[in-house]
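Me: Please examine one part of this structure closely: a single strand and the sheet around it. I would like a connected account of how that strand is placed, followed by its wider setting.

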Amino acid sequence: MIGVESAVTAPSGSDGAAWMGPGPVAATDQIGPAERRYGRRLASVIVLLPLCAGLALWIVSLSKFDLTRLGPSGLPGQAPLTWYVALAAFAGGAIWSIWSVPHRGWLTGLYVAGVALVLAGTIPALTDVPQYAWTYKHIGVIHLIEAQGSLNPSVDIYNRWPGLFALCAALSRLAGVDAVAYAGWVQPVFMGLDALIVAAIARTITRDARVAGMSALLFIAINWVNQAYLSPQTLAYTLELTLMLLVVGQLSTAKPSGFNNRIAGLLGRISRRPQTAESFGAQPTLNRRAVIAAIAVLDAIIVVTHQLTPYMVLLQLGTLLALGITRPRWLLLLLGAITLAYLAPHASYLQSHYGLFSGIDPLGNAATVTPGPNIHRTWLNSHSGLMLSFLAALMAAIGSAALVWTGSARKAIPLVALMLAPGGILLAQSYGGEAALRVYMFSAPWIAILIASGLAVLAPRGGSLLTGVVVVAALALYLPAALGTAATDVIPADEVQASEYAYAHAPAGAAFLLAGQNFPLRVGARYPVMVGGTGEATPDLLRDVPSLADQAPGERDLQLVITNMTSYSAHPYLVFSTSQFAHAAIFQTTLPHSLERLEGYVANSPSFRLWYRTANVRIYTLTPDADPDGPQSRRTRRHGHVRSIHEATRP
Amino acid sequence: MRHRVLVDSSLLVLAAAAVLATVLPIPEVRPFLVIAAALVLPGAAIVTRLRVQEPIATAALIISLSLAVDTAGALLLVWTGSFHPGALAADIVGASSALIFIDLCTGTAQLRGRLT
């Protein structure tokens, strides 16, 4: 990786050659058919043509989308043919660039960036506000910091792990823009950045520019979890990848030793294939103390940014140390001490609000939580993520077997170990039903590198076709898995405006009761003074009054709704929105059209008054006639009620 | 060496443009220049001292280390309760530009030496 020596002095030999591929210097000196025919300059222009065509087609396709008419198939169901052709041009261009002679790394980078743009940049290009209702509670924290200029740890977990929020608040103030304006573009930018770091790690381990390019492309194609939105996890994940880049590139032992050596020897005897003595990482070129200091600083920032990621760092670093690949051993103690030192003052808060351990139940902890029975989602949309995960794991297994077969077990073993290490978290945490997704996410870089390495071994020359088959299979599952939920992920801009208005104008102590899930709550800086703003879950009518979800609502239910509203606050508001209706319809959280029917009764009731309205939102409040109890009794009940609610989702 | 001089010069131009867009202010380009400067300058300044040679790793480290430095600075602001991002930006841009300028001078001297 770091240091040109390692890049050009790739070990040669019959076994190593297939793994290594051509080094960058040798590859650049080679003359390809295009160069012979047109000359170097013209060839450089010609190789950009598919890129320009892809970009033009993507821009043309944007005018054909109508985000207000997204159905259960999500974005892929509505995408025009030009959008798919643009994606094919970028992906095909990347594959062609990876396998072309001479290899141009910058060209591969541009094509891979094009793939990220089409997959993650389409929705931000079509709407002014970010996707996902849960993004807005993060934006609310940024607004709070901008308004207060400081943190209040008693408010919520975000004020206790403030890395991302402090960064965005400072950037928003400096750039003179609201976080809502740029939050949507965080996803394509970080998707591309993460792919770049994965390419750098792959280059470090394999010294092969082609494997690096393939790893970046595959990382995007298999990583369907959509973690790269404006969230603490996104920043921590990028920093974790950087930390691993430094560990692998600068702290690897020069000679094969330890468990890795023994396991490689065993695999060599079983497969009856000689194993090369190559080291896992690159030859260190930087000052060791400076690298360790940089790793410690990166880890400290990860620790104060996100709750889970530091433990993923410890698991992966511990794995490399156990295999004898990385030194010094005390680095694990140092990073563990940083993690625990920050956890200690927040442990009681975590324990009381979320629970530090979910129990030693890996299978139970791996179970994911879905909002409803998913009946109205297409079968492909509901299962494609799981299918892609299994396909990726299968291809990674084939890749590692291919590496062992060609004598590179000493590289395959740590890659497999790094892929499996995040699973250790399942021994202790369910992470609000998301642990399995996070495990896959942290495994994805190593899965991508294993698949890419396997492709380089299985098709050392002219591997475009095989790479193309793998990428097409991955993208075919990625599209429904990651973009199939767009109907509920895309939030209309006026819903965000309604939420901003509500938090700016409602009196302190007000409660916004959602008729159903999926509304951009907590976007305003005043969210801590509202009910549900200080760590408890958002008031949710369907959770509080389950009968509304199980049966068609009638006028008789209005009293239940009023009682529920007044139990929270003296200033309760009931919110209906298009996004809630879409969520209820797609995830079947209610009987068909129950929310619409309920709103009809609310709108016609003298107990309710319309407080705010946009095209997609209606916010109702109660009239004085609707209040059966005195304010004193309301406050008493609210206190007990709110505290009984446990926040269901994790940051 | 010529590449190094070109990159360092571009980074200094970016720093100057971001400062101008913020001070004047020029709202049309300010967000783009400020975010670009925040994502590049601190990391690039650190990488000039590290002498990282692999291009992919260089690009990855520049952006990631920039994010790390920016986050550390922003945390300092909110933890001390002294939320003045302008002062923080001035410190970061000033220190980064100084390191990049030193690297530019070294690169220019080496280039001259090679040409003569």
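Reply:

**Strand S2 of chain A and its surroundings**

In this predicted model, S2(A) is mostly covered, with six of its six residues buried. The burial extends to both faces of the strand. On one side stand A:Pro572, A:Leu574 and A:Phe576, and on the other A:Tyr573, A:Val575 and A:Ser577. In a regular strand, side chains alternate between the two faces of the sheet.

The strand belongs to an open sheet of four strands in chain A, with the order S1-S2-S4-S3 and mixed pairing. The edges are formed by strand S1 (511-514) and strand S3 (608-613) of chain A, each of which pairs on one side only. Direction ignored, neighbouring strands of this sheet are turned by 30 degrees against each other on average.

S2(A) pairs with S1(A) through four bridges, and these two strands run parallel. In this pairing, A:Leu513 is opposite A:Leu574 in S2(A). Strand S2 (residues 572-577) of chain A is also joined to strand S4 (residues 617-622) of chain A, here by five bridges and in antiparallel fashion. Two residues of S2(A) can be placed against partners in S4(A): A:Phe576 stands opposite A:Arg618, and A:Ser577 stands opposite A:Val617.

Two helices of chain A lie across the sheet. Helix H31 (residues 578-587) lies across S1, S2 and S4 and runs at about 65 degrees to S2(A). Helix H32 (residues 594-604) lies across S2, S3 and S4, and its angle to S2(A) is about 135 degrees.

The nonpolar cores provide the wider setting. The largest one holds 211 residues, and those touching the most other members are A:Leu75, A:Trp83, A:Ile201, A:Ile222, A:Ile295, A:Trp446 and A:Phe512. Helix H24 (residues 435-458) of chain A gives the most to this core, with 16 residues. Apart from it lies another core, of 25 residues, which includes A:Leu574 together with A:Val531, A:Met565 and A:Ala626. A:Leu574 is thus a member of that separate core as well as one of the buried residues of S2(A).

Two members of the largest core also appear in local contacts. Leaving aside neighbours within four places in sequence, A:Leu75 is in contact with A:Trp83 and, among others, A:Phe65, A:Leu67, A:Leu70 and A:Leu483. A:Trp446 is touched by A:Gln316, whose other contacts include A:Glu240, A:Met244, A:Pro422 and A:Phe442, again not counting residues up to four places away in sequence. A:Gln316 lies in helix H18 (residues 309-322) of chain A and counts as buried because its relative accessibility is 0%. Its side chain reaches the backbone oxygen of A:Leu418 at 3.3 Å.

Helix H13 (residues 186-206) of chain A has 21 residues and reaches 30 Å from its first C-alpha to its last, close to the 30 Å expected at 1.5 Å a residue. Of these 21 residues, 18 are buried, so H13(A) is largely enclosed by the rest of the structure. A:Arg207 follows H13(A) and has a positive phi, near 60 degrees.

Chain B, by comparison of content, has four helices and zero strands, in the pattern α-α-α-α along the sequence. Its C-alpha trace spans about 55 × 30 × 20 Å along its principal axes, and buried residues make up 44% of its 116 residues.

How values were computed:
Residues are numbered from 1 along each chain as its sequence is written. Chains are lettered from A and ligands numbered from 1 in the order in which they are written. This is a predicted model: local features need pLDDT of at least 70, side-chain atom pairs count only at pLDDT 80 or more; totals for chains, interfaces and linings use all residues. Side-chain values use heavy atoms; hydrogens and water are left out. Buried means under 20% relative accessible area, exposed over 50%, partly exposed in between (1.4 Å probe, protein chains only). A polar contact is a pair of N or O atoms within 3.5 Å; within protein, one must be able to donate a hydrogen and the other to accept it, and residues adjacent in sequence count only if both atoms are side-chain atoms. Contact means heavy atoms within 4.5 Å. A nonpolar core is a set of buried Ala, Val, Leu, Ile, Met, Phe, Trp, Tyr and Cys residues joined through side-chain atoms within 4.5 Å. Two strands pair if DSSP finds at least two bridges between them. Axes are lines fitted to C-alpha atoms, for helices over the stretch in contact, and angles run from 0 to 180 degrees between N-to-C directions. The expected span of a helix is 1.5 Å times one less than its number of residues.
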